[in-house]
Amino acid sequence: RALFSEPSLSASGRSSCASCHSPGHAYGPPNRLAAQLAGADGATQGTRAAPSLKYLQTVPPFTEHYHDDDGDDSVDAGPTGGYDWDGRAQSAHEQARGPLLSPREMGNKDDAAVVARLRAGPLAAQFRRTFGEAIFDRPDAAMRGVLMALEVFQQSPADFYPYTSKYDAYLRKQAVLTPQEARGLALFNDERKGNCASCHISKIGQGGAFPQFTDYGLINLGVPRNGKLAVNADPAYFDLGLCGPDRADLREHREYCGRFRTPSLRNVALRQVYFHNGRFDDLAQVVRFYAQRDSAPQKWYPRDADGGVHKFDDQPAGLEGNVNMEAPFGGHPGGKAALSEREIADVVAFLRTLTDGYGGVKSDIRTRTRP
């Protein structure tokens, strides 16, 4: 916990893990910035929105061919799992190193720089008490200790997966949804309407595990380009998730381009920016985008020189076939949207029931993870 909030571990001396993953905002971004400012100067903009670190305890390692534990191995869910928006980190231990060394985040040159800052900082004595007085004589072991401490902290149920939302109370039969929330849940689950539960699983799983509201998959939603990101000033720059630029091992897989990991929707109402590029800053707008992306594309995408709508403008031409077209997507410009304005409001009302801390409910160990 102390390391997570310690700014002296950064090159600027002003950024900590908690700067971008605020405990008061479900360990997500504390503001409406599309991407957070950090780096060696403390003012370098990132390229992606900071994700929430809550409810990551059951994320599987990345695989291109995922088979769920439902007893049917014939269903290949495709690319699934991993940490970060592109799934490149295989574990929480590996993921913790990324921000420490990223020039756009904590800005350390290498592991040795992290250890040197820790040794010279206010947590050195506590670190020695934990890992041994001679720990700094073994820099590699000291770095492993840093990553282990950060990983173990993020396994704290009370902080990171308490299951204390109104929806959890509803699943325990300790609360009743309002009529609007119940309508929203029905729309969320309806394959012909919101169809949200196809990726954001909402039902209790096998063995009684409460839902994580994600299937851990990676998907291309055709999210509009965000002009607030400095990297997007270059018209030739595209963040294509699974096939780069941050991830290098799948660059030749053109069919994966534009895919990003499906986040949990738990505590989604506490976020102030949405999607990997922070393009939206209003939850109702996010739901509206899903419902109207294809029926009213002019609302979301710019126009070309000839006046036509340039759909899917945040990826190079020729990748349109990668974009997901399942409900609520699909349809034609000018057609009926998948959800009405009232239905959008109903879905948002339901999503607000996923915020932890409902009615003073305490964490329940029985609902933490899958067996």
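In this predicted model, P328 sits in the loop that runs between α9 (283–292) and α10 (341–351), and the peptide bond leading into P328 from A327 is cis, with omega near 15 degrees. The loop between α9 and α10 also holds F312, a residue other than glycine whose phi is positive, near 55 degrees. Most residues other than glycine have a negative phi, and most peptide bonds are trans.

A cis peptide bond also joins G244 and P245, where omega is about 10 degrees; P245 belongs to the loop between β3 (218–219) and β4 (260–261). A positive phi in a residue other than glycine is found at D84 too, with a value near 75 degrees, and D84 is placed in the loop between β2 (44–45) and α2. The table gathers these backbone features.

| Residue or bond | Feature | Value | Loop |
|---|---|---|---|
| G244 to P245 | cis peptide bond | omega about 10 degrees | β3 to β4 |
| A327 to P328 | cis peptide bond | omega near 15 degrees | α9 to α10 |
| D84 | positive phi | phi near 75 degrees | β2 to α2 |
| F312 | positive phi | phi near 55 degrees | α9 to α10 |

**Domains and their interface**

The domain assignment divides the protein chain into domain 1, made of residues 2–58 + 89–160, and domain 2, made of residues 166–353. The C-alpha centres of domain 1 and domain 2 are 28 Å apart, and across the interface 24 residues of domain 1 are in contact with 25 residues of domain 2. The size of an interface is often given as the accessible area lost when the parts come together. Between domain 1 and domain 2 about 1,900 Å² is buried, and carbon and sulfur atoms give 47% of that area. On the side of domain 1, the residues that lose the most area to domain 2 are R32, R48 and Y55, which together account for 35% of what that side buries.

**Salt bridges**

Side chains of opposite charge can pair when their charged atoms come close. The count of salt bridges comes to 17, and between domain 1 and domain 2 the count is two. R48, already named among the residues of domain 1 that lose the most area to domain 2, meets the side chain of D246 in a salt bridge with an N to O distance of 3.6 Å. In another salt bridge, the side chains of R1 and D159 meet at 2.7 Å, N to O. Because R1 lies in the segment before α1 and D159 in helix α6 (residues 157–160), this pair ties together parts that are 158 residues apart in sequence.

**Pocket and cavity**

Rolling a probe the size of a water molecule over the atoms shows where empty space is left. The second largest pocket encloses about 630 Å³ of space. It is lined by 28 residues, of which R48, D84, R88, P99 and E105 are the closest to its centre; R48 thus recurs here from the salt bridge with D246, and D84 from the positive phi. Helix α2 (residues 92–101) gives five residues to the lining of the second largest pocket, the most of any element. By class, this pocket lining comprises 11 nonpolar, eight polar and nine charged residues.

Three cavities of 30 Å³ or more are found in a search of the whole structure, and the second largest of these cavities has a volume of about 180 Å³. Its lining consists of 16 residues, and C17, H21, P99, E105 and M106 are the closest to its centre, so that P99 and E105 appear in the central sets of both the second largest pocket and the second largest cavity. Two elements, α1 (17–20) and α2, give two or more residues to the lining of the second largest cavity, with α2 giving the most, four residues. The lining of the second largest cavity divides into 10 nonpolar residues, five polar residues and one charged residue.

Methods: Residues numbered from 1 in each chain as written. Predicted model: local features only at pLDDT ≥ 70, side-chain atom pairs only at ≥ 80, totals over all residues. Heavy atoms only, no water. 1 Å grid on protein atoms, 1.4 Å probe; cavity = no way out; pocket = protein on both sides within 12 Å on 5 of 7 lines; lining within 4 Å. Points joined across faces, edges and corners; volume = space filled by probe spheres on them. Nonpolar A, V, L, I, M, F, W, Y, C, P; charged D, E, K, R; others polar. Domains from an automatic or database assignment. Contact = heavy atoms within 4.5 Å. Buried area = accessible area lost by both parts, 1.4 Å probe. Salt bridge = Lys/Arg side-chain N within 4 Å of Asp/Glu carboxyl O.
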